[in-house]
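Thank you all for coming. I would like to take a few minutes to walk through one structure with you, so please have a look at it before I go on.

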Number of protein chains: 2
Amino acid sequence: MNPLVSAIERHVELSPKEREAVESLREAPLVRVPARQTTLSEGDNPRVVRLLSQGWAYRFKDLPDGRRQIVGLLLPGDFFDLGVRLVDEMDHSIAALTPIAYHAIPPETIDRLAREYPRIADAFARHEHVSTSIHREWLLNLGRRNAFERLAHLFLEIFMRLRASGSARERECDCPLTQNDLADATGVTSVHLNRTMQELRREGLVELKSKRLFIRDYDRLTQVAMFNPNYLQIGRETRHLAQ
Amino acid sequence: MNPLVSAIERHVELSPKEREAVESLREAPLVRVPARQTTLSEGDNPRVVRLLSQGWAYRFKDLPDGRRQIVGLLLPGDFFDLGVRLVDEMDHSIAALTPIAYHAIPPETIDRLAREYPRIADAFARHEHVSTSIHREWLLNLGRRNAFERLAHLFLEIFMRLRASGSARERECDCPLTQNDLADATGVTSVHLNRTMQELRREGLVELKSKRLFIRDYDRLTQVAMFNPNYLQIGRETRHLAQ
DNA sequence: CGGTTTTTTGATCTCTATCAACTATTGTGG
DNA sequence: CCACAATAGTTGATAGAGATCAAAAAACCG
């Protein structure tokens with residue numbers, strides 16, 4: 001199953017015709033960006049809707065003095081801002097984490113699809129809604145969880161999102177983030193992140209080696225992270241697979 | 001100028017007919033909620049779109065062990081989740097900060113308005129988009145600013161948002177949050193928040209007394225907060241007033 | 001294989017949490 | 001309008017999580 005269709009079908013069931021319409025988005029020009037390159041900067045005026053086809057990217061913001069915060073991860077099948085056409089200045093930046101390829105879709109195509117197929121419009125809206133819910137969960141993460149819990153939570157989110165798109169195995173998945181990236185996502189320094197990661201490892205909860213994440217104790221991990229998957233709006237059947 | 005119309009008109013210019021259509025939202029039944037009451041809980045299935053007419057509210061999430069994080073403020077004129085009809089489980093809760101009154105609008109009314117008046121649909125979308133941008137700025141706030149900078153930033157956001165809706169004076173505005181609320185919004189304890197607030201006062205930046213916020217040194221405040229108003233998408237003319 | 005990036009370690013400092021009063025302010029019923 | 005209760009703000013002492021700085025070890029890459 002390809003992550004693009006499933007990212008939409010996770011939200012609504014599609015008729016064959018609708019699925020075909022969604023698939024047609026893949027005809028939009030494909031743009032490749034090397035790893036670690038910023039593809040969209042705060043202040044830019046984005047002119048197309050982007051649909052991530054391959055690779056991982058992240059949203060980030062930075063402060064004048066160089067402090068940086070990753071505010072979200074983009075996985076294959078994710079849109080970068082469906083509502084972007086309405087906005088004239090990006091409030092944040094987006095960079096490739098790995099080499100990526102995205103489809104550059106003219107906003108009119110999105111509008112047309114949404115107009116012709118109300119269920120697809122709903123799916124787009126839900127996709128945006130989930131992105132926002134994720135932001136809120138991250139706010140809780142940064143504001144009220146400690147480093148250990150935060151990292152546990154982040155790993156679980158990655159694992160759950162990948163599994164929902166069919167890209168994870170039973171208890172492992174890709175995770176191309178460096179400790180530096182993880183530190184920028186969890187709001188700690190990389191030194192402290194390193195120590196926190198060792199603790200997760202020592203506790204037999206999670207291991208990360210050669211860009212691959214291994215969940216060693218799923219139950220205890222969800223417990224220490226106080227992970228409640230409802231914010232991801234993953235359907236019942238998918239959530240069921242979690243057990 | 002009433003905050004409802006201006007909240008929409010901030011985003012797009014309306015024709016008299018469009019303005020009338022927006023005004024018609026105020027015919028929706030008005031619901032009153034006493035201060036400090038939770039009006040919508042995580043897990044609930046919201047059936048209407050709510051438009052805050054009077055008073056302040058906040059979004060929050062909490063952890064099983066009682067830690068709580070405020071993830072956003074709702075001011076008069078704000079919608080609580082236009083996209084709510086698409087969702088079957090709230091990912092967060094909403095509570096009244098002061099006594100509030102909101103309009104309970106059937107989702108069909110929103111849909112109809114959006115269908116009939118594309119510019120209003122755009123305004124709705126922008127409103128949602130700004131809410132999301134605010135979440136991202138808060139992520140930066142919690143992840144990378146220290147307590148002093150965070151609080152300075154929060155005060156500026158409140159001031160700027162109120163001023164954009166015409167509810168602030170030159171250098172002061174309402175601010176009904178207790179120190180406990182401010183602590184929950186900035187991710188620190190109330191004791192530490194108290195000390196941070198004293199420092200802001202001592203430095204001659206901001207004062208808060210009897211629920212009223214006084215900006216004592218706007219320039220230095222924006223500087224220490226590293227405040228960049230672009231995320232609020234406040235129009236050029238409004239931003240101009242900031243000086 | 002040599003150079004770069006990433007991970008790891010140790011020592012020390014600082015910011016924020018915690019706990020436990022205490023004071024001031026606000027609000028309410030008599 | 002006062003009295004008292006409840007809420008909100010303040011203080012001090014101490015503990016702990018996470019930051020900082022500097023450098024070494026390990027992994028990765030062309």
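**A proline, a helix pair and the cysteines**

Let me begin with B:Pro29, which, once its neighbours within four places in sequence are left aside, is in contact with B:Tyr102, B:His103 and B:Ala104. I should say at once that this is a predicted model, and I will speak about it with that in mind. B:Pro29 sits in the loop that runs between α2 (16–23) and β1 (30–33) of chain B, and with a relative accessibility of 55% this proline counts as exposed. If you go from B:Pro29 to B:Arg150, you cover 121 residues in sequence and, measuring from C-alpha to C-alpha, 37 Å in space.

B:Arg150 brings me to the helices, since this arginine is among the residues through which α5(B) makes its contact with α4(B). How do helix α4 (residues 118–144) and helix α5 (residues 147–164) of chain B pack, and at what angle? Their axes lie 9 Å apart and the angle is about 160 degrees, which means that α4(B) is roughly antiparallel to α5(B). From the side of α4(B), the contact includes B:Ile134, B:Glu137 and B:Trp138, while from α5(B) it includes B:His153, B:Leu154 and B:Glu157. By character, the residues of this contact divide into six charged, four nonpolar and two polar. The crossing of α4(B) past α5(B) is right-handed.

In chain A, I would point to A:His153, whose place is in helix α5 (residues 147–164) of that chain. Is A:His153 buried or exposed? Its relative accessible area is 1%, so A:His153 is buried. Not counting residues up to four places away in sequence, A:His153 touches A:Glu137, A:Asn141 and A:Arg145, and also A:Ala225, A:Met226, A:Phe227 and A:Tyr231.

Finally, the cysteines. How many disulfides does the structure hold over all chains? The number is zero, and Cys173 can serve as an example in each chain. In chain A, the cysteine sulfur closest to that of A:Cys173 belongs to A:Cys175, and because the two are 6.4 Å apart, they are too far for a bond. In chain B, the closest cysteine sulfur to that of B:Cys173 is in B:Cys175, at 6.3 Å, which is likewise too far for a bond; the cut-off used here is 2.5 Å. As to their surroundings, A:Cys173 counts as buried at 0% relative accessibility, and B:Cys173 is buried as well, with a relative accessible area of 0%.

Conventions. Residues are numbered from 1 along each chain as its sequence is written. Chains are lettered from A and ligands numbered from 1 in the order in which they are written. This is a predicted model: local features need pLDDT of at least 70, side-chain atom pairs count only at pLDDT 80 or more; totals for chains, interfaces and linings use all residues. Side-chain values use heavy atoms; hydrogens and water are left out. Buried means under 20% relative accessible area, exposed over 50%, partly exposed in between (1.4 Å probe, protein chains only). Axes are lines fitted to C-alpha atoms, for helices over the stretch in contact, and angles run from 0 to 180 degrees between N-to-C directions. Helices (H or I, at least four residues) and strands (E, at least two) are DSSP runs, numbered from the N terminus. Angles under 35 degrees count as roughly parallel, over 145 as roughly antiparallel, 65 to 115 as roughly perpendicular and the rest as oblique. A crossing is left-handed if the near helix is turned anticlockwise from the far one by less than a right angle, and right-handed if clockwise. Contact means heavy atoms within 4.5 Å. Ala, Val, Leu, Ile, Met, Phe, Trp, Tyr, Cys and Pro count as nonpolar, Asp, Glu, Lys and Arg as charged, and the others, Gly among them, as polar.
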